Amino acid sequence: MSNNTNIYRQIFELIQSYNTIILHRHIHPDPDALGAQGGLQRLIEANFPDKVVYTVGQIPENLEFLGVKTSDIRFGHYQQALVIVLDTANQARIDDQRYNLGEKIIKIDHHPATDPYGDVQWVEDHRSSTSEMIVQLSHELGNDFKMTKEAAELLYAGIVGDTGRFLYDSVDANTFYYAGQLQEAGVNTALIGRNLDQMPLKVAQLAGYVYSHVNINENGLAYVDLTNQLLRKFNVDSDESSMIVPLIGKIEEVKIWVIFVAQADGTFRCRIRSKEVTINHVAEQYRGGGHHLASGAKVHDLSEREALLESLNHLLENE
Ligand SMILES: [Mn+2]
């Protein structure tokens with residue numbers, strides 16, 4: 001299927017040779033980060049009942065329904081442990097910096113490889129999701145690493161999450177093929193799709209406000225401010241506010257959009273999305289990065305914020 005044949009065996013042999021395996025993923029996890037982490041945990045546990053697999057990192061309340069838990073482990077657990085970091089492009093974004101204490105580190109990711117780390121790296125930036133890569137790992141290893149329904153549920157949630165329900169251009173024949181395998185493993189795809197698609201009433205009401213107040217210029221650049229005051233008014237926390245991000249893209253006139261989330265220290269966290277024009281090189285200029293069409297950044301003040309919008313507007317002017 002690809003010239004990657006050996007990487008699956010290499011990863012499998014490392015999993016085989018360690019009794020303790022600790023799975024990390026990025027801060028502010030999304031369903032793909034948690035799906036790949038929890039899905040891989042369930043796969044290893046089902047195929048190697050004697051191994052101990054931990055999952056670390058904070059879990060936002062709104063994704064607790066996925067059922068991934070934060071293991072309470074100490075420094076000592078990392079001695080002679082294999083660490084696998086999932087869905088995390090750069091080391092600064094790894095949730096729980098103790099990942100470094102592992103005896104061996106594997107990186108599995110689908111973001112552009114701006115920060116190579118780990119003893120073994122499996123990075124494919126054209127893939128829809130890290131969860132899809134984990135399904136492939138199981139598929140390539142056949143009977144050695146069999147899929148289970150419990151693992152499949154989380155991995156399916158990861159694929160659905162990172163593709164916006166199979167909407168984005170990272171979706172290819174592999175994505176449907178591996179999603180099909182997950183359905184064959186017994187996943188209730190309608191239930192998971194619904195769980196990920198629905199939002200609490202308070203978030204829907206915030207969405208109503210956002211749709212009425214979004215700023216869109218003549219080039220199709222849009223931005224929205226999620227101030228602390230606004231989030232408080234609708235009783236929505238920063239993690240829950242991530243549900244607003246894809247909604248702006250449903251507006252026909254919008255080509256690139258930015259959600260500014262004001263932080264307590266006066267800086268802004270920026271979530272940048274684009275329908276077609278590549279934006280991650282701009283995000284990289286503002287302490288961020290990510291995928292071609294979905295990136296994050298951080299600006300220090302209002303003038304930097306203007307500069308970021310100006311850079312993005314420039315991309316649309318030059319189209
Ligand atoms: Mn991902």
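Analyst: Two strands are said to pair if DSSP finds at least two bridges between them, and helices (H or I, at least four residues) and strands (E, at least two) are DSSP runs, numbered from the N terminus. This is a predicted model, in which local features need pLDDT of at least 70 and side-chain atom pairs count only at pLDDT 80 or more, while totals for chains, interfaces and linings use all residues. Residues are numbered from 1 along each chain as its sequence is written, and side-chain values use heavy atoms, with hydrogens and water left out.

User: What makes β6 and β7 a pair, and in which sense do they run?

Analyst: β6 and strand β7 (residues 221-226) are joined by 2 bridges in the antiparallel sense, and because at least two bridges are required, they count as paired. N215 stands opposite Y223 in β7. In the hairpin of these strands, which has 4 residues between them, G220 takes a positive phi near 95 degrees.

User: How do you know that β7 also pairs with β8?

Analyst: β7 runs parallel to strand β8 (residues 256-262) and is joined to it by 6 bridges, with F260 in β8 as the bridge partner of D225. Both strands belong to an open sheet of 6 strands with mixed pairing, in the order β6-β7-β8-β9-β11-β10.

User: Why are β6 and β10 said to stand at the edges?

Analyst: β6 (215-216) and β10 (289-290) each have a single partner strand, so one side of each is left without a neighbour in the sheet. For β10, 2 bridges in the antiparallel sense link it to strand β11 (residues 294-299), where S295 stands opposite G290.

User: Which residues are called donors of the manganese ion, and how far from it do they lie?

Analyst: A donor is an N, O or S atom within 2.8 Å of the metal (3.2 Å for Na, K and Ca), and water is not among the atoms, so sites may look incomplete. The protein donors of the manganese ion are D32 (OD), D87 (OD), H110 (NE2) and D162 (OD), lying 2.1 to 2.3 Å from it, so they satisfy the limit of 2.8 Å. Along the chain these donors follow the spacing D-x54-D-x22-H-x51-D. Distant parts of the chain are linked here, as D32 belongs to helix α2 (residues 31-47) and H110 to the loop between β4 (104-109) and β5 (120-123), 78 residues apart.

User: Are D32 and H110 buried or exposed?

Analyst: Both D32 and H110 are buried, where buried means under 20% relative accessible area, exposed over 50%, and partly exposed in between (1.4 Å probe, protein chains only).

User: Why is S128 described as it is, buried or exposed?

Analyst: S128, in the loop between β5 and α3, has 2% relative accessibility and therefore counts as buried. Leaving aside neighbours within four places in sequence, S128 is in contact (heavy atoms within 4.5 Å) with H110, I159, D162, T163, S170 and T175.

User: What about Q58, and what does Q58 touch?

Analyst: Q58 is placed in the loop between β2 (52-55) and β3 (81-86), and at 65% relative accessibility Q58 counts as exposed. Not counting residues up to four places away in sequence, Q58 touches R25, P29, T70 and D95.

User: How do you know that α4 is close to its expected length?

Analyst: The expected span of a helix is 1.5 Å times one less than its number of residues. Helix α4 (residues 149-163) has 15 residues and reaches 21 Å from its first C-alpha to its last, close to the 21 Å expected. After α4 comes G164, whose phi is positive, near 55 degrees.

User: Why is α4 called largely enclosed?

Analyst: Of the 15 residues of α4, 11 are buried, so the helix is largely enclosed by the rest of the structure. Among them are A151, L154, Y156 and D162, and the buried residues of α4 pack against α2, α3 (130-141), α5 (173-184) and α6 (189-197).

User: How do the side chains along β5 point?

Analyst: They alternate, with V120 and W122 pointing to one face and buried, whereas Q121 and V123 point to the other and are not. β5 pairs with β4 in the parallel sense over 4 bridges, and V123 in β5 is the bridge partner of D109.
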